[in-house]
Amino acid sequence: MLFYLGFPKETLPEEGGPTLKLAIIGAGISGLFAARELSGRHEIEIFEAAPQAGGHAYTVEVEEEGRRFPIDMGFIVYNQRNYPYFSRMLSELRVPTTPSTMGFAVYSKLGGFQFSGEGLYGLLGHRRNLVSPRFWRLIRGILRFHRAGRQALEDQDSATLSQPTLAEFCDREGISELTRKNFLAPMAGAIWSMPRRDAMNFPALSLLSFFEQHGLLSVTNQPPWRTVAGGSQSYVNALVRSLDARVHLNAAVVRVQRAPDHVELFVNGETCYFDQVIIATHSDRALSILHQPSRSERDILRAIGYRDSEVVLHCDRRLLPSNPRVWASWNVALDKNPNQGIGVTYLMNKLQPLPSSTPWCVTLNSGQEIDPNLIQHRVSFAHPQLDAAAIRAQQRWQEISGRQRTHYCGAYWRYGFHEDGAWSGRRAALNLSLRQREAA
């Protein structure tokens with residue numbers, strides 16, 4: 001089952017046993033957070049394949065009319081209620097943050113439909129919605145889904161949390177196709193970067209739990225959102241500076257070989273020896289570098305798949321709803337094939353305090369529709385695809401983490417977001433320390 005953990009009540013145990021020579025593979029939020037928890041206790045080396053640390057904390061500097069300013073293309077916003085580990089880290093590192101906004105819009109340029117949930121102004125910004133029976137049926141359907149979702153969470157049986165699928169839940173609760181097509185599938189698809197059709201196969205109660213925690217099962221109770229001042233790379237730089245660890249960039253580990261008394265890493269043509277390893281990469285990457293993985297490692301890591309998304313930074317306003325009144329922080333195009341990757345555009349002017357009136361956009365999976373002359377930067381990110389099999393696999397973490405001198409962390413062990421990476425890195429560090437203390 002997917003679940004939410006608040007601030008940790010447990011603390012890392014007092015030091016016990018010898019200092020370890022510890023390798024961490026991956027310098028995204030999970031690996032860096034694990035390193036932060038263990039820093040000063042062990043001899044730590046971090047190996048990152050990319051030329052910079054941060055993973056999905058990816059900031060690009062743009063220039064406009066002689067001004068230069070940063071824009072995030074991966075991780076963008078957080079809130080203190082749902083990101084407690086991450087929030088506490090920012091506070092401890094004294095990383096400045098600033099208010100942000102989160103709103104959701106869907107639009108179809110072929111059908112002329114536009115709808116934004118970003119306040120009353122956005123809701124009625126497309127004025128033909130005022131006299132559209134279809135629009136008001138959609139609003140009633142959304143409210144019906146909110147009520148049914150809250151009731152389902154009250155009545156849930158934890159033994160069957162991953163069932164039914166979202167589509168089956170909607171069938172049972174009488175949620176209309178209009179609501180599914182124009183609200184549920186686009187929102188779930190945008191959140192998890194998956195095709196709209198796949199989103200309807202998401203385990204319903206797990207999705208509802210996430211929605212409830214993030215204030216998405218009501219029109220009120222929205223948490224205040226924030227963003228890192230100067231871009232997410234600012235927190236990465238501060239975090240790396242705080243570590244008592246060596247960070248190796250452009251250092252792709254190609255094989256991890258375990259022996260009874262040590263671990264061997266093969267990287268950049270060299271063999272490095274360590275006492276333990278924390279693998280803080282995506283699940284598929286973790287499996288690909290393991291030499292002779294166990295059956296459990298193969299089964300569990302294969303069950304949690306990833307999907308690549310093309311991410312483009314640009315200022316082509318055609319990727320937004322035609323009516324600027326409807327523009328929201330997240331804007332989903334309904335005209336794409338529902339079997340293809342979700343077409344979502346983040347309006348960065350709403351999410352970050354940009355010194356520009358130009359609509360700066362970050363768009364996923366619609367690069368061919370963007371004017372090439374208006375493109376600033378391209379990158380590819382992979383996101384976990386959480387179906388019922390993946391959620392079952394998440395519950396088997398203890399079968400593989402802490403075995404054969406190998407520990408696992410990554411956002412894919414929970415919902416797939418930045419806080420989940422921090423939580424998972426913390427869990428791996430705690431588990432390593434507990435096992436070391438037990439063996440001492």
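**Exercise 1. Which residues point one way from strand 7, and which point the other way?**

Solution. Keep in mind that you're looking at a predicted model.

- Step 1: Start with the general idea: side chains in a regular strand alternate between the two faces of the sheet.
- Step 2: Now sort the residues. F104, V106 and S108 go to one side of strand 7, while A105 and Y107 go to the other.
- Step 3: Check burial, which here means under 20% relative accessible area. Five of the five residues of strand 7 are buried, so the strand is largely enclosed by the rest of the structure.

**Exercise 2. Find the partners of strand 7 and place them in their sheet.**

Solution.

- Step 1: Look at strand 16 (330-333). Strand 7 runs parallel to strand 16, and four bridges join them. Here V106 sits opposite V332.
- Step 2: Turn to strand 8. This pairing with strand 7 is antiparallel, again with four bridges, and V106 has F115 as its bridge partner there.
- Step 3: Zoom out. The open sheet has seven strands in the order 8-7-16-17-18-15-19, with mixed pairing.
- Step 4: Find the edges. Strand 8 (113-116) and strand 19 (375-385) each have a single partner strand, so one side of each has no neighbour in the sheet. On average, neighbouring strands are turned by 20 degrees against each other, direction ignored.
- Step 5: Visit the strand 19 end. Strand 15 (residues 305-314) pairs with strand 19 in the antiparallel sense over ten bridges, and L313 faces H377 of strand 19.

**Exercise 3. Work out what helix 6 lies across, and what it gives to the largest nonpolar core.**

Solution.

- Step 1: Trace helix 6 over the sheet. It lies across strands 7, 8, 16, 17 and 19, and it runs at about 115 degrees to strand 7.
- Step 2: Go to the core. The largest nonpolar core has 130 residues, and F145, W192, Y235, L265, Y408 and W413 touch the most other members. Helix 6 (residues 177-192) supplies the largest share, nine residues.
- Step 3: Pick one of those well-connected residues, W413. Leaving aside neighbours within four places in sequence, its contacts include I300, W397, Y408 and R427.

**Exercise 4. Describe how helix 2 packs against helix 9.**

Solution.

- Step 1: You need two values, since two packed helices are described by the angle between their axes and the distance between the axes.
- Step 2: Read them off. Helix 2 (residues 84-93) and helix 9 (residues 233-242) pack at about 70 degrees, with axes 10 Å apart.
- Step 3: Name the arrangement. Angles of 65 to 115 degrees count as roughly perpendicular, which makes helix 2 roughly perpendicular to helix 9.
- Step 4: List who touches. Helix 2 brings F86, M89, L90 and L93, and helix 9 brings Y235, A238, L239 and S242.
- Step 5: Sort them by type: seven are nonpolar, one is polar and none is charged.

**Exercise 5. Is helix 1 mostly covered or mostly exposed?**

Solution.

- Step 1: Count. In helix 1 (residues 29-38), nine of the ten residues are buried, so it's mostly covered. Among the buried ones are I29, F33, E37 and L38.
- Step 2: Ask what covers them. The buried residues pack against strands 1, 2 and 14, along with helices 2, 9 and 15.
- Step 3: Look just past the end of helix 1, where G40 takes a positive phi of about 90 degrees.

Definitions and conventions: Residues are numbered from 1 along each chain as its sequence is written. This is a predicted model: local features need pLDDT of at least 70, side-chain atom pairs count only at pLDDT 80 or more; totals for chains, interfaces and linings use all residues. Side-chain values use heavy atoms; hydrogens and water are left out. Axes are lines fitted to C-alpha atoms, for helices over the stretch in contact, and angles run from 0 to 180 degrees between N-to-C directions. Helices (H or I, at least four residues) and strands (E, at least two) are DSSP runs, numbered from the N terminus. Angles under 35 degrees count as roughly parallel, over 145 as roughly antiparallel, 65 to 115 as roughly perpendicular and the rest as oblique. Contact means heavy atoms within 4.5 Å. Ala, Val, Leu, Ile, Met, Phe, Trp, Tyr, Cys and Pro count as nonpolar, Asp, Glu, Lys and Arg as charged, and the others, Gly among them, as polar. A nonpolar core is a set of buried Ala, Val, Leu, Ile, Met, Phe, Trp, Tyr and Cys residues joined through side-chain atoms within 4.5 Å. Buried means under 20% relative accessible area, exposed over 50%, partly exposed in between (1.4 Å probe, protein chains only). Two strands pair if DSSP finds at least two bridges between them.
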